[in-house]
Amino acid sequence: MADTLTLFTTIGLSELKAKETLKNEALSSALKDAITQVQRVHGVSGVDKGMGTLLYSMVSRLKDTKRLAFLSDSIAQHKICTELQLTAALDFVKSHPQDPINQNEFEEACGVGIVITPEQIEDAVELVIKKHKEQLLKERYRFNMGLLMGEARSALKWADGKVIKNEVDMQVLHLLGPKTEADLEKKPKVMHLRLFKGIVRKNHLNSDLFACYSFSMLTQFKGNYNTEGYVVTPNTMSLLKKHLETTGGQIRTRFPPEPNGILHIGHAKAINFNFGYAKANNGICFLRYDDTNPEKEEEKYFTAIKDMVEWLGYKPYAVTHASDNFQKLYELAVDLIRRGHAYVCHQKGEELKGHNAPPSPWRDRPIEESLVLFERMKKGLFAEGEATLRMKMVMEDGKMDPVAYRIKYTPHHRTGDEWCIYPTYDYTHCLCDSIENITHSLCTKEFQSRRSSYYWLCNALDVYCPVQWEYGRLNLTYTVVSKRKIIKLVETGTVRDWDDPRLFTLTALRRRGFPPEAINNFCGRVGVTVSQTTTEPHLLESCVRDVLNDTAPRAMAVLEPLKVTITNLPEDSWSDVRVPDFPADETKGSHTVPFTNMIFIEQSDFREVMEKGYKRLTPEQPVGLRHAGCVISLQKVIKDAQGKVVELEVTCCRSEKAEKPKAFIHWVSQPLVCEVRLYERLFLHKHPEDPSEVPNGFLSDINPNSLQVISGALVDTSVRGAKVFDRFQFERVGFFSLDPDSTTDKLIFNRTVTLKEDPGKI
């Protein structure tokens with residue numbers, strides 16, 4: 001069994017998937033036979049992940065096992081390389097049960113040996129768009145793009161669907177330009193999502209680009225106390241009446257981070273939800289720091305949190321701190337003891353861990369005794385860990401008598417040495433909500449187990465009780481957001497700091513060049529549900545492209561330069577070429593770049609040997625220069641001693657005098673030498689924290705190619721005056737942002753995202 005488990009994991013199955021497969025005797029036997037067949041017949045000592053995925057898919061779908069060896073052979077010989085081909089192969093053997101199988105018919109039916117080049121896809125999409133051009137121009141983005149996809153797929157049966165979609169998107173964008181406000185005008189759509197037993201209505205406010213939320217059950221606080229789990233006491237209605245007199249029925253939310261780390265993408269959802277819900281209902285939202293743990297709090301985190309909230313476009317109604325209420329919270333704790341709902345306990349921290357802690361022998365100590373001991377705690381007459389104040393209640397998860405106050409002889413960043421006892425989250429959170437007259441305490445699902453203690457404490461003290469609503473937190477694959485783990489990444493030198501662009505902290509995303517509007521739009525797309533959401537990074541990157549297409553001016557940059565000398569231009573020739581900042585809308589401005597007899601192009605835009613489908617510069621094939629209005633033709637290839645091409649000599653002529661070239665390439669002349677940093681995913685696996693995927697821990701899963709630094713990139717002079725975080729689209733290359741490491745002598749650009757989604761990313 002262990003050997004078979006190892007065999008399955010070596011072909012790319014996760015340990016969990018392999019164990020599940022072993023439970024199915026027929027499936028595991030067939031998979032083992034398929035792997036053995038490949039290894040025995042073809043001498044393959046191991047099966048790579050791509051082949052392993054196909055083998056697993058094949059055996060799990062194959063009905064007639066007598067075809068197992070035949071199909072395994074086809075996969076091993078790389079005749080069947082994609083899921084599309086595998087589906088065709090399975091259909092073929094199902095419809096041809098008789099032996100022998102006609103090999104030629106099989107290979108024809110499965111597209112064996114057919115290679116679809118990017119140029120073929122480009123040409124096919126171009127034909128389809130040309131066919132529907134009139135209707136596309138008329139209907140613009142309301143046109144059924146699925147029709148274009150379908151016709152292109154029909155023309156290229158074995159092409160990768162993702163690559164076709166990317167090409168359709170690019171050519172449609174080139175034809176129509178970015179979406180206008182008219183394109184975005186749609187009939188109001190309402191997305192209904194389960195939230196408890198109510199309905200969530202998710203609205204996108206196009207006017208300010210921020211996602212806002214409105215709950216049909218919550219639009220009026222008047223009925224808020226009828227929500228599930230809310231505890232109504234004899235004093236509830238009088239407390240609500242007083243609350244409404246204070247607030248006038250206004251919606252009030254709060255974003256309550258702990259100032260002990262940097263905000264990440266999950267916090268962006270919380271910020272959008274709390275501020276967005278208040279905004280959608282003409283309410284207010286507080287930024288409240290939960291600063292009750294002086295050991296871990298630093299001033300830099302307070303500043304960074306506020307900066308990120310404002311960077312996302314939200315302005316807090318007020319910035320408050322839990323420490324603002326330390327005196328009030330202490331007085332309420334004394335009142336809680338007097339009411340018989342709290343006591344001073346001397347059990348050690350180790351004894352209180354877990355859910356099966358022994359009952360406290362001090363639970364029934366006299367009220368007066370607890371009052372005296374609590375006062376002594378406040379005066380510093382106990383050592384740390386020698387005494388705590390505990391509440392007499394059982395939480396939803398079964399944990400008994402949570403701690404309300406503990407002793408910490410650590411100066412507080414705001415109150416100094418005034419206090420040596422500090423309240424816990426379970427005690428502080430609901431009471432600060434009550435003090436600030438919060439109407440909707442919106443928190444992530446893991447706090448559901450604290451809902452009963454939230455209501456219990458407010459009611460035990462006879463204070464106004466807000467309503468707690470839980471929603472699923474947002475998680476992204478291929479990353480970690482835990483403060484402890486990010487610190488590990490920094491300490492090991494894997495990343496530079498909390499703002500390393502490979503991380504998904506908000507400061508890192510800003511440094512990478514992600515616009516705040518894109519992050520807000522992403523949160524709006526993900527929406528609000530009770531269940532936890534795990535999303536692929538490419539959805540966020542898609543939102544980034546949508547914004548940058550409309551906002552990032554174009555420039556030309558060459559990452560791997562090849563020198564080109566134009567021999568029929570004088571050495572001192574110089575002309576200014578006008579380049580539109582936004583080619584789809586030239587009214588938005590332009591800039592000029594120099595054009596001389598020496599230019600630089602990408603090395604990949606020249607091939608010494610012509611290949612089928614290649615459209616750029618070759619000895620036999622001229623190419624156009626974008627924006628310059630000319631076509632260049634190769635005259636001479638200059639190589640170094642090692643045979644590497646180091647320079648091209650060409651002639652050029654005006655475009656109107658030359659036959660239209662098959663392609664136009666970007667170029668630079670008299671450029672700036674810049675550093676460019678290309679980022680990929682930091683981790684190799686989707687879930688680097690999952691032991692079944694990464695048994696040796698997340699630090700063993702680092703992608704060695706997550707950062708590539710190009711020190712000799714050439715960028716046109718239009719970027720010379722760029723400021724930190726300014727964003728550009730380098731034509732045909734990607735979207736880039738100016739890094740804070742830049743100096744006047746050396747500009748450094750971070751690649752934000754590629755122009756199109758990488759079809760290789762799943």
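# Reading the terms in this model

Student: Why is L332 called buried?

Tutor: The relative accessibility of L332 is 9%, and a residue counts as buried under 20% relative accessible area, as exposed over 50% and as partly exposed in between, with a 1.4 Å probe and protein chains only. Since 9% falls under that first limit, L332 is counted as buried.

Student: What kind of model do these values come from, and how are the residues numbered?

Tutor: The model is predicted, and local features need pLDDT of at least 70 while side-chain atom pairs count only at pLDDT 80 or more, although totals for chains, interfaces and linings use all residues. Residues are numbered from 1 along each chain as its sequence is written, and side-chain values use heavy atoms, with hydrogens and water left out.

Student: Where does L332 lie, and what makes another residue count as touching L332?

Tutor: L332 lies in helix α16, where a helix is a DSSP run of H or I with at least four residues, a strand is a run of E with at least two, and both are numbered from the N terminus. Contact means heavy atoms within 4.5 Å, and, leaving aside residues up to four places away in sequence, L332 touches Y427, L431, L461 and V463. The C-alpha atom of L332 is separated by 21 Å from that of M400, and these two residues are 68 apart along the chain.

Student: What makes the orientation of α16 relative to α18 roughly antiparallel?

Tutor: Two packed helices are described by the angle between their axes and the distance between the axes. The axes are lines fitted to C-alpha atoms, for helices over the stretch in contact, and angles run from 0 to 180 degrees between N-to-C directions. Helix α16 (residues 326-338) and helix α18 (residues 367-378) have axes that come within 9 Å and cross at roughly 160 degrees. An angle under 35 degrees counts as roughly parallel, over 145 as roughly antiparallel, 65 to 115 as roughly perpendicular, and the rest as oblique, so the pair α16 and α18 is roughly antiparallel. The contact is made by Y330, A333, V334, I337 and R338 of α16 together with I367, S370, L371, F374, E375 and K378 of α18.

Student: How are the residues in that contact sorted by class?

Tutor: Ala, Val, Leu, Ile, Met, Phe, Trp, Tyr, Cys and Pro count as nonpolar, Asp, Glu, Lys and Arg as charged, and the others, Gly among them, as polar. By this rule the contact of α16 with α18 has seven nonpolar, one polar and three charged residues.

Student: Why is the pair α4 and α5 called roughly antiparallel, and which way do these helices cross?

Tutor: Helix α4 (residues 49-61) and helix α5 (residues 68-76) pack at an angle of about 160 degrees, with their axes 10 Å apart, and because this angle is over 145 the two count as roughly antiparallel. Their crossing is right-handed, a term used if the near helix is turned clockwise from the far one by less than a right angle, whereas an anticlockwise turn is left-handed. In this packing M51, L54, L55, M58 and V59 of α4 meet L68, L71, S72, I75 and A76 of α5, and by class the contact has nine nonpolar, one polar and no charged residues.

Student: What makes α8 oblique to α10?

Tutor: The axes of helix α8 (residues 118-131) and helix α10 (residues 145-155) come within 9 Å and cross at roughly 135 degrees. That value lies in none of the three named ranges, and α8 is therefore oblique to α10. The crossing of α8 and α10 is right-handed.

Student: How do you know that R510 and F725 are partly exposed?

Tutor: R510 has a relative accessibility of 23% and F725 has a relative accessible area of 27%, and both values lie between the limits for buried and exposed, so each residue is partly exposed. R510 is in helix α22 (residues 506-512) and touches M308, W311 and F725, not counting residues up to four places away in sequence. F725 sits in the loop between β26 (707-715) and β27 (727-730), and has a positive phi of about 80 degrees although it is not a glycine.

Student: What is a nonpolar core, and which residues touch the most other members of the largest one?

Tutor: A nonpolar core is a set of buried Ala, Val, Leu, Ile, Met, Phe, Trp, Tyr and Cys residues joined through side-chain atoms within 4.5 Å. The largest holds 89 residues, of which I265, F374, Y405, Y427 and I519 touch the most other members.
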